[in-house]
Amino acid sequence: MITQAMTLDRYLWQQQKAFNIPVELSILISQIGYTAKILTREISRAALVGQLGLVGDKNATGDAQKKLDVFSNQTIIEAFSDTGLVAALASEELEMAKFMDCRNHTPYVLCIDPLDGSSNIDSSGALGTIFGVYQRKTYNGCCSVEQDILRSGTEMVAAGYILYGTSTVLVCTCGHGVNGFTLDTSLGEFLLSHLNLQCPSESKYYSANLSYAQEWQPHIQKLIVHLNQQHTSLRYSGALVADVHRSLIEGGVYLYPSTPDYPDGKLRLLYECAPLAFIVEQAGGMAMTETKRVLELQPLSIHQRSPLIIGSKATLTLYEQMLQA
Ligand code: FDP
């Protein structure tokens, strides 16, 4: 069903009534939608307004920081400052968690990768935003603490991503299925375009940086051999969000495994792997580190990395069998 009438806000209002979702959570997601509109505008005109290229610094996690990374991060911070919605923010672009609001009852913690796939910026490739939301745990004293952020994905109350591709698509879940909204730029509204997304069980595609394949664990290599034997087509965009979105729509698996030099892989648990795992599981798919369910991993630090294998259930189940063999 594609309906011009179902805006993101109307959908959130319906979810609120149907599942007793707190109004603050709806407003938080709506506010993410607003930042997505700002980023859509800025990304599309970046080359015209001097927003391409590096800032000159490395970000909190040692990656080269691009101007759009900084802009995206600042946009998110401004969108949630003084809203009374977010007590603490963990972002890929901030070294430390930002404790945003010291009101005792501010309800949520936001973990976010403001701009995923930054290496695509200068070549006009796909980009994304990924977010996960937790209910704040500690209400003793007034400020939120790190304990509110370092939570396993099983505690997440909402997650989503935005894909800035040929169109801007916002996909989200509050734990009651997954829905996608496409930005109608003429209206300035996200409209429901992907109702109750279900990840196909079989993989039509797989996505991985194969230049590291020789360094992967034998069971991962075995899976790759199997996928190639099945002529599962290779598609790697350089943006996690774009590859996971394709897997969700068409059936597929995205892998970023460990190597001896990077035993935890490259991706970040709190604001990349866990939110995407929540969404994909809600859509009937699976998400694993190389050995366990991503959502059960307990983070020990904000920028902790994790290997990731995510997507279609039949492929992940086969991988589990290969692991146990
Ligand atoms: P990027 O560093 O450009 O932000 O999230 C990290 C990520 O991109 C993913 O979006 C992407 O799939 C992966 O890293 C690309 O890494 P490689 O260049 O090592 O393949």
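In which sense do strand β8 and strand β9 pair, and over how many bridges? Strand β8 (residues 168-173) and strand β9 (residues 179-184) pair in the antiparallel sense, over four bridges.

## Basis of the description

This is a predicted model, in which local features need pLDDT of at least 70 and side-chain atom pairs count only at pLDDT 80 or more, while totals for chains, interfaces and linings use all residues. Residues are numbered from 1 along each chain as its sequence is written, and side-chain values use heavy atoms, with hydrogens and water left out.

Helices (H or I, at least four residues) and strands (E, at least two) are DSSP runs, numbered from the N terminus.

## The eight-stranded sheet

β8 and β9 belong to an open sheet of eight strands with the order β4-β3-β5-β6-β7-β8-β9-β10 and mixed pairing. Strands pair if DSSP finds at least two bridges between them. The edge strands, β4 (98-99) and β10 (189-194), each pair on one side only. Within the pairing of β8 and β9, Val-169 has Thr-182 of β9 as its bridge partner.

Helix α2 (residues 23-44) lies across β3 (86-91), β5 (108-116), β6 (127-135), β7 (156-164), β8, β9 and β10, and runs at about 15 degrees to β7. Helix α6 also packs on the sheet: α6 touches β3, β5, β6, β7 and β8, and its direction makes about 100 degrees with that of β7. Contact here means heavy atoms within 4.5 Å. Axes are lines fitted to C-alpha atoms, for helices over the stretch in contact, and angles run from 0 to 180 degrees between N-to-C directions.

## Helices α5 and α6

The axes of α5 (residues 240-250) and α6 (residues 269-282) come within 12 Å and cross at roughly 15 degrees. α5 is therefore roughly parallel to α6; angles under 35 degrees count as roughly parallel, over 145 as roughly antiparallel, 65 to 115 as roughly perpendicular and the rest as oblique. Leu-240, Val-244 and Leu-248 of α5 meet Glu-272, Leu-276, Ile-279 and Val-280 of α6.

## The five-stranded sheet

A second set of strands forms an open sheet of five in the order β12-β11-β13-β15-β14, with mixed pairing. Its edge strands are β12 (233-234) and β14 (286-288), each paired on one side only. Strand β11 (residues 205-207) and strand β13 (residues 252-256) run parallel and are joined by three bridges. Tyr-205 stands opposite Gly-252 in β13.

Helix α4 packs on this sheet, touching β11, β13 and β15 (308-311), and its direction makes about 145 degrees with that of β13. Helix α7 lies across β13, β14 and β15, running at about 35 degrees to β14.

## Helices α4 and α7

α4 (residues 218-229) and α7 (residues 313-324) pack at an angle of about 135 degrees, with their axes 9 Å apart. The two helices α4 and α7 are therefore oblique to each other. The contact is made by His-219, Ile-220, Lys-222, Leu-223, His-226 and Leu-227 of α4 and by Thr-315, Leu-318, Tyr-319, Met-322 and Leu-323 of α7.

## Salt bridges

The count comes to seven salt bridges, a salt bridge being a side-chain nitrogen of Lys or Arg within 4 Å of a carboxyl oxygen of Asp or Glu. One of them is formed by Lys-66 with Asp-122, whose closest N and O atoms are 3.7 Å apart. This pair links distant parts of the chain: Lys-66 is in strand β2 (residues 64-66) and Asp-122 is in the loop between β5 and β6, 56 residues apart.
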